[in-house]
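Colleague: I would like to go through this structure by question and answer. Please keep to what can be read from the atoms.

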Amino acid sequence: METRPDAAPEPRQVPGPEPHGGSLTPRLAPEEERGRWLSEADQLVSIQVSEKTLADLECLAVGAFSPLEGFMMQADYQSVLKDMRLDSGLVWSLPVTLPVDDDQVRSLKGAENVALVAGDSGPLAILHLEEVYHYDKDDEAWHIYRTHDQAHPGVGQLHAQGSSLLGGRVTVLQFPSGRPFEEYRLTPAEVRLECAERGWRTMAGFQTRNPIHRAHEYLTKCALEIVDGLLLHPLVGQTKGDDIPASARMAAYKALLSDYYPASRVLLSVFPAAMRYAGPREAVFHAICRKNYGCTHFIVGRDHAGVGNYYGSFEAHEIFGEFTPEQIGITPIFFDHAFWCRICAQMATAKTCPHSPEERVALSGTEVRRRLSTGEDIPTEFSRAEVAAVLREALREKDGT
């Protein structure tokens with residue numbers, strides 16, 4: 001016998017600025033409700049979900065995607081694609097959807113509640129199914145990624161997934177076992193409480209899927225001159241196969257924080273979302289999520305969330321101009337590309353340094369990976385020696401050498 005979902009929990013009142021949409025909406029079930037659903041799960045239709053969906057479920061569970069309470073229904077989905085707003089008019093720039101293939105759709109057989117599973121685990125969540133709808137993958141690719149090129153990782157993943165979407169609220173029962181970085185998986189409510197205990201009235205969030213080199217250090221320290229605290233918030237969900245592994249990135253962050261930042265003014269936590277590589281739209285999405293974590297400011301660098309040459313260097317800055325400050329509710333801090341200038345003998349950007357590109361030390365991620373793999377030195381002007389050592393060791397372990 002299938003069970004109707006319980007009433008939505010009361011809005012979560014937490015310290016700090018107002019969450020997006022007015023309140024946090026975490027979807028992790030209380031213990032009693034969790035036990036009841038687990039006892040009934042074997043009577044439900046089950047659907048295997050992807051790594052990306054697992055990341056979305058965790059974000060929904062903790063309230064990082066507030067005000068969303070589940071996977072989008074068609075009205076919200078279409079509104080986000082066309083207008084970067086939910087059907088209610090609230091700014092939201094990326095779809096959060098649950099794709100399924102034709103066989104999975106047929107297996108539903110009119111079910112109202114569906115168990116979401118991964119591998120051989122027990123049910124991780126219950127989808128309270130309200131809608132099944134088809135969608136146009138080319139239309140989504142163009143609106144979200146601004147390309148139909150399946151070499152783009154986001155577009156490639158989109159075309160590899162099922163042709164229907166399931167919409168409805170979710171009740172998350174448990175997280176997969178063996179998740180890394182447990183002590184750093186602070187929920188939005190926990191980050192807000194920590195921020196309040198430290199007496200921070202303002203906090204800047206920094207999003208990165210890369211190791212933190214001297215340029216990132218410069219951006220974050222500039223931000224610390226104008227806010228009370230920094231949330232260093234690396235993304236640890238699904239990324240491209242050639243991105244630096246999250247374990248190596250976390251080790252590099254900790255090595256840098258131990259010697260080069262004031263401990264009382266930096267909080268290291270992880271963002272469990274998957275990477276979309278959606279460039280400008282993802283910059284807005286990342287800012288809104290950090291607003292839910294209690295940030296008042298958000299650092300937006302050059303080509304934020306970009307990949308390849310699909311987006312212009314400053315499109316992630318320009319997109320914020322499409323909304324009023326009140327609609328976004330978090331202050332973006334825009335930075336140009338940072339580098340070490342040999343003549344200035346310091347970190348700088350084109351806004352502050354008059355010297356020619358030949359005097360600038362700035363390595364691409366590809367060049368850093370190449371030097372790490374060959375054992376070549378990475379200039380200390382580009383990366384702290386402690387960070388380079390951590391990354392080199394991580395690469396040796398990955399290659400088994």
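Modeller: Buried means under 20% relative accessible area, exposed over 50%, and partly exposed in between. The model is a predicted one.

Colleague: With that cut-off, is Glu217 buried or exposed?

Modeller: Glu217 has a relative accessible area of 5%. The limit for burial is under 20%. Glu217 is therefore buried.

Colleague: Which residue meets the side chain of Glu217 in a salt bridge?

Modeller: Side chains of opposite charge can pair when their charged atoms come close. Here the N to O distance is 4.0 Å, and a salt bridge requires a nitrogen within 4 Å of a carboxyl oxygen. The two residues are three apart in helix α8 (residues 214–224), so about one helical turn separates them. The partner, which counts as buried at 13% relative accessibility, is Arg214.

Colleague: Asp103 and Arg106 also form a salt bridge; how far apart are the closest N and O atoms?

Modeller: Both residues lie in helix α4 (residues 102–108), three residues apart, which is about one turn of the helix. Asp103 is exposed at 54% relative accessible area, and Arg106 counts as exposed at 55%. Their closest N and O atoms are separated by 2.3 Å.

Colleague: How do Arg198 and Glu194 count, by relative accessibility?

Modeller: The side chains of Arg198 and Glu194 meet in a salt bridge, 2.8 Å from N to O. Arg198 has 29% relative accessibility, and Glu194 has 25%. Values from 20% to 50% fall in the middle class. Arg198 is therefore partly exposed, and Glu194 is likewise partly exposed.

Colleague: Which residues are linked in a network of salt bridges?

Modeller: A search of the whole structure gives 15 salt bridges. The network links Glu58, Arg179, Glu182 and Arg185.

Colleague: Turning to helix packing, how are α3 and α5 oriented to each other?

Modeller: Two packed helices are described by the angle between their axes and the distance between the axes. For α3 (residues 74–83) and α5 (residues 137–145) the angle is about 50 degrees, and the axes are 8 Å apart. An angle under 35 degrees would count as roughly parallel and 65 to 115 as roughly perpendicular. The two helices are therefore oblique.

Colleague: Which residues make that contact?

Modeller: By class, the contact has three nonpolar, one polar and three charged residues. From α3 come Tyr77, Leu81 and Lys82, and from α5 come Asp139, Glu140, His143 and Ile144.

Colleague: What covers the buried residues of α3?

Modeller: The buried residues in α3 are Tyr77, Ser79, Val80 and Leu81. After the helix comes Met84, with a positive phi near 60 degrees. The cover of the buried residues includes β5 (125–134), α5, β6 (164–172) and α10.

Colleague: Next is the five-strand open sheet; which are its edge strands?

Modeller: The strand order is β9-β8-β7-β10-β11, with parallel pairing. Neighbouring strands are turned by 25 degrees against each other on average, direction ignored. The strands that pair on one side only are β9 (266–268) and β11 (331–334).

Colleague: Which helix packs on this sheet?

Modeller: The helix touches β7 (203–208), β8 (229–234) and β10. Its direction makes about 150 degrees with that of β10. The helix is α10 (residues 280–292).

Colleague: Which residue in β11 stands opposite Phe298?

Modeller: Strand β10 (residues 297–300) runs parallel to β11, and four bridges join them. The residue opposite Phe298 is Pro332.

Colleague: Leu268 is in strand β9; which residues is it in contact with, leaving aside neighbours within four places in sequence?

Modeller: At 10% relative accessibility, Leu268 counts as buried. Its C-alpha is 6.2 Å from that of His233, although 35 residues separate the two in sequence. The contacts of Leu268 are Tyr184, Leu232, Pro234, Met250, Tyr253, Lys254 and Leu257.

Colleague: Last, what is the bridge partner of Ala338 in β13?

Modeller: Strands β12 (residues 338–341) and β13 (residues 346–349) run antiparallel and are joined by four bridges. They form a hairpin with four residues between them, and Ala345 in the turn has a positive phi of about 60 degrees. The partner of Ala338 is Thr349.

Notes. Residues numbered from 1 in each chain as written. Predicted model: local features only at pLDDT ≥ 70, side-chain atom pairs only at ≥ 80, totals over all residues. Heavy atoms only, no water. Axes fitted to C-alpha atoms, helices over the stretch in contact; angles between N-to-C directions. Parallel < 35°, antiparallel > 145°, perpendicular 65-115°, else oblique. Contact = heavy atoms within 4.5 Å. Nonpolar A, V, L, I, M, F, W, Y, C, P; charged D, E, K, R; others polar. Buried < 20%, exposed > 50% of the residue type's maximum accessible area, 1.4 Å probe, protein only. Pairing = 2+ DSSP bridges.
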